[in-house]
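Okay, thanks for squeezing me in. Have a look at this one with me, and I'll talk you through the parts that caught my eye.

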Amino acid sequence: MGMHVTSENFENQVKKADRPVLLDFFATWCGPCQMLTPVIEELEESRDDFLVGKVNVDEESALARQFSITAVPTLLLFKDGVEVKRTAGFLPREDLERFIDEV
């Protein structure tokens with residue numbers, strides 16, 4: 001399911017997290033976002049070595065601008081509060097796991 005991340009709670013939810021955070025910038029109208037959501041949820045349920053945050057770009061445009069999000073879905077991976085990787089577009093589960101495991 002992921003935690004709902006906003007400009008107001010970004011500091012506590014992402015910067016101060018005790019594990020890496022996969023931040024999913026999405027839009028409700030985005031087809032590839034809807035395809036990616038169950039992949040992320042399945043991975044989140046099967047592992048506990050990272051957290052998932054969801055950012056609705058239509059509701060959180062300031063956060064999307066802060067991270068220069070130009071396409072959805074865009075995934076950012078944070079470790080120790082710092083962005084270490086990003087990717088845009090749909091990823092199958094194997095590629096998503098590889099993306100997370102490389103950090």
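So, Pro-73 sits in the loop between helix 3, residues 61–66, and strand 4. When I say helix or strand, I mean DSSP runs numbered from the N terminus: H or I over at least four residues for a helix, E over at least two for a strand. The bond joining Val-72 to Pro-73 is a cis peptide, with omega at about -5°. Now, before I go on: this is a predicted model, where local features need pLDDT of at least 70 and side-chain atom pairs count only at pLDDT 80 or more, while totals for chains, interfaces and linings use all residues. Numbering runs from 1 along each chain as its sequence is written, and side-chain values use heavy atoms, with hydrogens and water left out.

Staying with backbone oddities: most residues other than glycine have a negative phi, and most peptide bonds are trans. Ser-68 is in that loop between helix 3 and strand 4 too, and its phi is positive, about 55°, although it isn't a glycine. Asp-80 also has a positive phi of about 55° without being a glycine, and it lies in the loop between strand 4 and strand 5. Are these two buried or exposed? Ser-68 is exposed at 52% relative accessible area, and Asp-80 is exposed as well, at 66%. The cut-offs there are under 20% for buried, over 50% for exposed and partly exposed in between, using a 1.4 Å probe and protein chains only.

On to the sheet. It's open, with 5 strands in the order 1-3-2-4-5 and mixed pairing. Strand 1 (3–4) and strand 5 (82–88) are at the edges with a single partner strand each, so each has one side without a neighbour in the sheet. Strands pair here if DSSP finds at least two bridges between them. Strand 1 runs parallel to strand 3, residues 51–56, and 2 bridges join them. Across that pairing, His-4 stands opposite Lys-54 in strand 3. Lys-54 also lies over the face of Phe-26, 4.6 Å from the ring centre; to count, NZ of Lys or CZ of Arg has to be within 6 Å of the centre and within 35 degrees of the ring normal.

What lies across strand 2, strand 3 and strand 4? That's helix 2, residues 31–46, running at about 160° to strand 2. Those angles go from 0 to 180 degrees between N-to-C directions, with axes fitted to C-alpha atoms, for helices over the stretch in contact.

Within strand 2 we have Asp-24, which is buried at 2% relative accessible area. Leaving aside neighbours within four places in sequence, Asp-24 has contacts including Leu-36, Ile-40, Lys-54 and our friend Pro-73, where contact means heavy atoms within 4.5 Å.

Last stop, the aromatics. There are 4 aromatic pairs in the structure, counted when ring centres of Phe, Tyr or Trp (its six-membered ring) lie within 6.5 Å; planes under 30 degrees apart are stacked, over 60 edge-to-face, and the rest tilted. Phe-10 and Phe-67 make a tilted pair, 5.4 Å centre to centre with 50° between the planes. Phe-10 is in helix 1 (residues 10–15), and Phe-67 is 57 residues away. Both are buried. Phe-10 and Phe-78 have centres 5.8 Å apart and planes at 75°, so that pair is edge-to-face. Phe-78 is in strand 4, 68 residues from Phe-10. Phe-10, Phe-25, Phe-67 and Phe-78 form one aromatic cluster.
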